[in-house]
Amino acid sequence: MSSQCRAATKKGGRCQIEARPTGLCHTHDPEVRCRVRNAKGKPCVIPSGGGPCDRHQDGERASVAEALKDVTLFEPDGAESLFALEEPESAPGAATVTAPHTEHAPQVPRLSLEFVARTFNWN
């Protein structure tokens, strides 16, 4: 079973390359990038299999966590969290609200705090 990379392209679309176990492809995954700091202090983004690229044989490598900060994950326009919660002061049970960014936005069902607490056993 293959999955699609979770990163965004420079144009803002979703990367079409097959993902590695990390959820990112060989181009976006910091684990297989060079990561040697360039003159500006940024980690090199050249996919090299995890070691230094041909340009950077010597130099300090940035951590995977630091290099991951430069990877933009794809988020479709208008997407909301699956577990968006209703405000605590609202009535019990599921409520619906209109998304604030458009006039004719569809009604978005919200999960009640009680439902989420039961689902995740937060008793």
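**Briefing: cysteines, nonpolar core and Ser 63**

Cys 44 is buried, because its relative accessibility is 8%. The model described here is predicted. It holds zero disulfides, and the largest nonpolar core has six residues, among them Cys 5, Cys 15 and Cys 25.

**Cysteines outside disulfides**

- Cys 44 takes part in no disulfide; the nearest cysteine sulfur belongs to Cys 53, at 3.9 Å.
- A disulfide requires sulfur atoms within 2.5 Å, so a separation of 3.9 Å does not qualify.
- Cys 53 is likewise in no disulfide, and the cysteine sulfur nearest to it, that of Cys 34, is 3.7 Å away.
- Cys 53 has a relative accessible area of 6% and is therefore buried.

**Nonpolar core and the surroundings of Cys 5**

- Alongside the cysteines at positions 5, 15 and 25, the largest nonpolar core includes Ala 7, Leu 24 and Val 71.
- Leaving aside residues up to four places away in sequence, Cys 5 touches Arg 14, Cys 15, Ile 17, Ala 19, Gly 23, Leu 24, Cys 25 and His 28.
- Cys 15, Leu 24 and Cys 25 thus appear both among the contacts of Cys 5 and in the largest nonpolar core.

**Ser 63**

- Ser 63 is found in the segment that precedes helix H1, which spans 64–68.
- With 39% relative accessibility, Ser 63 is classed as partly exposed.
- Between Ser 63 and Glu 31 the C-alpha to C-alpha distance is 8.9 Å, while the two residues stand 32 residues apart in sequence.

Key: Residues numbered from 1 in each chain as written. Predicted model: local features only at pLDDT ≥ 70, side-chain atom pairs only at ≥ 80, totals over all residues. Heavy atoms only, no water. Core = buried A, V, L, I, M, F, W, Y, C linked by side-chain atoms within 4.5 Å. Buried < 20%, exposed > 50% of the residue type's maximum accessible area, 1.4 Å probe, protein only. Contact = heavy atoms within 4.5 Å. Helix = DSSP H or I, 4+ residues; strand = E, 2+ residues; numbered from the N terminus.
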